[in-house]
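Here is a short tour for someone meeting this structure for the first time. Take a look at the sequence and the model, then read on.

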Amino acid sequence: MYLRSGKNFSSYIRSTLIVLVFSATGMSEALALPSFARQTGEACDACHVGAYGPQLTAHGMKFKLGGYTESDGKDGHIPLAAMLIENYTHTAKDQDPPPEDLSKNNNLALQELSGFVAGKLYDGFGAFAQVTYSDIDKATALDNTELRYATETTLLGQEGTFGVTVNNNPAMQDPFNTLPAWRFPYTSSDLAPGPEAGPLLDDMIAGTVMGVTAYAQLNNGVYAELGNYSSLSNNFLGTVNVDPGPEVNGLAPYWRVAYFKDKRAYSYSVGVVGMSAELRDRNASGAGDKFADYGIDGHYQFLGNRMNIFSVNGSYLHEARTVADEKSNLDQLNIAGSYYYDKSYGGTVRYFSTADDSSAKLDTTGLMLQADWSPFGKESSWQAPLANLRLGLQYTEYNKLNGVSSNASDANTLMAFAWASL
Amino acid sequence: MIKPRGGLPPLLLAFALSSPLMTMSAAHAVESGDANVGHDVFDQECSDCHSIKPGKNKKGPSLFGVVGRNSASIADFQYSDGMRALNTVWSADKIDEYITKPKGVVPTGKMKYDGLPDAKARANLLAFLATLK
């Protein structure tokens with residue numbers, strides 16, 4: 001998953017990844033949890049666009065900010081859920097060498113089988129903890145995990161929701177589906193080539209750190225969050241089967257300010273985010289490579305009577321980095337627009353680009369299209385909220401991939417997926 | 001009880017919900033409101049937390065038969081202390097007052113809803129709620 005101890009981090013950065021954004025063993029992107037629906041008595045469509053996670057409606061954003069604790073008031077809800085993603089991956093050109101233990105093309109794989117502890121643990125306390133088995137990696141590891149405490153109160157004259165989150169993936173706590181941890185695509189193939197360059201906020205230290213941040217969502221719309229991340233120990237990461245990767249030298253500060261309004265017929269947010277870290281090999285001492293991210297993001301979502309839902313989510317992240325004494329900049333743009341009819345039939349278009357002015361010049365631009373169908377997830381659905389399924393077809397087209405234009409289309413990928421949860 | 005209907009196109013719904021304020025009593029509103037449009041208002045404003053199925057409670061209680069029902073009267077729903085102390089009957093007028101500004105009627109209630117200031121939208125919603133019986 002990440003760099004093993006004993007390698008030189010700078011050379012590692014230069015040679016292989018800067019970041020394996022879509023690495024076969026990175027943190028999973030997917031999330032859809034019926035335990036939340038059982039806890040609240042609500043159907044999945046109340047919190048999720050298209051009646052399937054993880055794209056949140058404004059109602060879902062507030063549930064998350066409230067610490068996953070709102071309920072129908074009844075006792076006895078068990079905060080457990082499970083999820084499975086099976087996919088079929090076809091690339092325009094055969095992969096040589098092929099993915100380990102698989103064919104050069106047209107692979108069917110059990111990409112994720114996850115178990116969750118997700119929901120209210122105690123008054124004000126909630127959890128989202130995921131353990132994932134990948135049949136591609138033949139391994140089980142701790143995945144996205146956070147614990148939250150939240151309360152509604154008045155502080156310094158401001159009414160709102162105030163909380164603390166402890167998590168292992170920077171920005172996984174963010175509710176707006178604009179930042180890398182939970183933005184579109186919500187699932188993509190681990191068996192296809194992809195961009196090798198991405199900023200710190202895009203999975204670079206996901207799963208190998210623990211962060212504590214405090215946040216406030218004021219009733220006047222202002223959202224603010226501040227905290228720090230530090231590396232988890234090698235022993236702990238070994239216990240949860242996560243490769244340790246580079247070490248954060250000291251603390252990595254994370255901050256976020258946004259303005260969020262839920263008008264029920266529609267919602268929107270605009271925000272800024274930042275994070276910086278100094279990363280070095282775990283066996284090294286002294287200064288490491290430096291990364292400083294700044295970004296702007298926003299979303300608009302028209303919900304109306306929920307029959308026709310339009311969403312636009314986007315982010316622009318700029319990173320200033322110093323890797324092995326080379327200063328460079330990386331800029332990443334992502335924008336996705338989606339339409340869902342009757343909370344079941346959806347289509348999404350995403351444009352993505354990465355501009356890398358380092359000597360590696362790992363520029364990438366492309367387009368992604370997805371069509372999906374979620375037959376359940378509504379109040380009237382069969383076996384609601386136990387049965388949940390999304391079937392989808394996703395196509396990724398590259399105009400440039402990792403600095404190369406001439407044969408970028410070789411990596412164009414068609415993925416069909418079945419995504420179930422209970 | 002619940003009429004099947006298709007969704008209003010988004011622009012028409014937005015227009016319907018942004019009509020000028022009307023002055024009328026809630027009881028009159030029930031008669032003059034459009035239940036079909038009110039169903040859309042319900043879907044937009046209420047459906048995340050409330051069901052219209054009998055006995056189906058979410059974070060809020062079922063709204064089936066709410067017009068004319070005693071407040072805090074669903075046995076297996078956990079109402080707030082404030083709602084239990086309200087001791088009223090959900091007449092059209094009372095519902096209209098409540099959904100205009102919930103905290104104005106039940107200051108310590110747990111419903112997280114700021115209110116629906118548009119009188120025409122409330123009239124349509126009340127007309128729809130009145131069909132749930």
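## Loops, a cavity and a helix pair

A:Pro97 sits in the loop between S1 and S2 of chain A; helices (H or I, at least four residues) and strands (E, at least two) here are DSSP runs, numbered from the N terminus. This is a predicted model, in which local features need pLDDT of at least 70, side-chain atom pairs count only at pLDDT 80 or more, and totals for chains, interfaces and linings use all residues. Residues are numbered from 1 along each chain as its sequence is written, chains are lettered from A and ligands numbered from 1 in the order in which they are written, and side-chain values use heavy atoms, with hydrogens and water left out.

The peptide bond leading into A:Pro97 is cis, and A:Pro54, in the loop between H3 and H4 of chain A, also follows a cis bond. Here are the two side by side:

| Cis peptide bond | Omega |
|---|---|
| A:Gly53 to A:Pro54 | about 0° |
| A:Asp96 to A:Pro97 | near 5° |

Another loop, between strand S3 (125-134) and strand S4 (139-155) of chain A, holds A:Lys138. A:Lys138 is not a glycine, yet has a positive phi of about 55°.

The S1–S2 loop comes up again with A:Lys93, whose side chain meets that of A:Asp410 in a salt bridge (3.9 Å, N to O). That term stands for a side-chain nitrogen of Lys or Arg within 4 Å of a carboxyl oxygen of Asp or Glu. A:Asp410 lies in the loop between strand S16 (388-400) and strand S17 (413-421), so to speak a long way along the chain: the two residues are 317 residues apart. Over all chains, the structure holds 23 salt bridges.Now for the empty space: the whole structure has 10 cavities of 30 Å³ or more. A cavity is a set of points on a 1 Å grid over the protein atoms alone where a 1.4 Å probe fits but cannot get out, and its lining residues have an atom within 4 Å of a point. The largest cavity takes up about 290 Å³. Its lining counts 28 residues, with A:Leu33, A:Phe36, A:Cys47, A:His48 and A:Leu56 nearest the centre.

Over in chain B, helix H3 (residues 35-45) and helix H7 (residues 119-129) pack at an angle of about 100°, their axes 7 Å apart. The axes are lines fitted to C-alpha atoms over the stretch in contact, and angles run from 0 to 180 degrees between N-to-C directions. H3(B) and H7(B) are therefore roughly perpendicular, a label for 65 to 115 degrees.

How values were computed: On a 1 Å grid over the protein atoms alone, a cavity is a set of points where a 1.4 Å probe fits but cannot get out, and a pocket is an open set with protein on both sides within 12 Å along at least five of seven lines; lining residues have an atom within 4 Å of a point. Grid points are joined across faces, edges and corners, and a volume is the space filled by probe spheres set on the points. Angles under 35 degrees count as roughly parallel, over 145 as roughly antiparallel, 65 to 115 as roughly perpendicular and the rest as oblique.
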